Amino acid sequence: MTTSWQERSHGVAWTVALDTDRLLPGRLTAGNLTVTADDTFEARGLVAALVAVEHWQHEETTTDGQGHTTTRTVTSRDELRRVPVQLSGPIQLSGGETRTYPFQMPVPPLGPASLEATVAGLTWTFEAKLDRPVWPDSRIEVPVRVVQPVALLRAGVVHVGEFALYPEADAGRDDLTAAIKLDPLPLCSGARFQGDVILRSAEARTLQEIRAEIRVKVEATVSSGKDETITAWAAVLVPALEFQGERVLHFEDRLTDTPLPTIELPHSKASAQFHLILATACARDPHLVRDVTIATTLDL
């Protein structure tokens with residue numbers, strides 16, 4: 001489905017139309033760029049680019065002349081990728097004149113994929129610029145998403161947790177265990193999935209509920225880097241109950257469409273786990289945990 005944006009900048013009206021705003025690594029993305037000048041307009045050229053910027057948060061501590069220390073959270077940024085395409089050489093437009101430029105933008109084979117979180121992330125932007133001598137450049141910038149294909153995770157391009165790609169994995173300890181099966185793996189943002197859990201408890205337990213969560217830990221992998229845990233999915237599987245022995249749990253649902261791929265970036269990373277939580281009154285809730293992976297598209 002075509003996605004379009006419109007903006008005005010320094011005497012030019014811009015329209016960008018892309019076949020999709022979710023870009024596949026290693027593919028070409030087609031679109032059209034239309035410019036309309038308010039008055040006579042000259043430029044040395046028209047250049048479009050895909051730009052990836054990583055951001056991450058870390059703490060910095062400073063000491064003043066009296067020995068007092070102050071710690072503050074700093075957000076740093078780094079441009080990881082810039083893929084430019086020259087759409088035109090020198091241009092001269094008359095007032096009210098419109099020109100349209102079709103283009104194809106190459107997306108880097110390994111992305112990296114978009115990651116949306118507070119303490120760290122990666123944003124992609126499509127930008128186009130008319131390079132003007134002497135005068136300010138006219139430009140348009142629009143957000144796009146580069147997706148993480150399932151195939152990249154299965155191919156081992158990204159490091160994942162132990163058994164994270166196995167359909168079934170065990171969790172727990174001697175008196176409380178679970179065989180946790182998820183289908184499909186990797187999971188995919190915005191896509192449906194299902195799971196089965198065989199839960200076994202040697203002792204009798206009074207539980208407020210049994211719930212499941214898929215949690216994504218995003219962390220800045222720099223000195224004094226910050227981290228956060230985002231719940232990408234949660235559901236109550238069983239309400240209050242008395243439990244001992246074995247119980248089989250089945251669930252089906254859809255993962256949130258937020259881009260939270262399993263990924264490693266130069267200054268940050270994101271990893272995911274499935275938590276089976278036995279909510280227990282007046283005691284610490286046991287968590288039975290297994291690693292999982294998350295892609296952001298089912299397309300290969």
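Rings of Phe, Tyr and Trp (its six-membered ring) pair if their centres lie within 6.5 Å; planes under 30 degrees apart count as stacked, over 60 as edge-to-face and the rest as tilted. The model is predicted, so local features need pLDDT of at least 70 and side-chain atom pairs 80 or more, while totals for chains, interfaces and linings use all residues. Residues are numbered from 1 along each chain as its sequence is written, and side-chain values use heavy atoms, without hydrogens and water.

**View A. Phe163 meets Tyr166 edge-to-face.** The whole structure holds six aromatic pairs. In this one, the centres lie 5.2 Å apart and the planes stand at 90 degrees. Phe163 is partly exposed because its relative accessibility is 41%, between buried (under 20%) and exposed (over 50%), with a 1.4 Å probe and protein chains only. Tyr166, at 47%, is also partly exposed.

**View B. Phe251 and Phe274 are stacked.** Their planes differ by 10 degrees and their centres by 5.8 Å, so the pair counts as stacked. Phe251 sits in strand S18 and Phe274 in strand S20, 23 residues apart. Strands (E, at least two residues) are DSSP runs, numbered from the N terminus. Both rings' residues are buried. Phe193 and Trp233 join them in one aromatic cluster.

**View C. Strands S10 and S11 run antiparallel.** Seven bridges join S10 (residues 120-131) to S11 (residues 138-146); two strands pair if DSSP finds at least two. Phe126 has Val142 in S11 as its bridge partner. The open, mixed sheet has the order S3-S11-S10-S6-S7. Its edge strands are S3 and S7.

Conventions:
Helix = DSSP H or I, 4+ residues; strand = E, 2+ residues; numbered from the N terminus.
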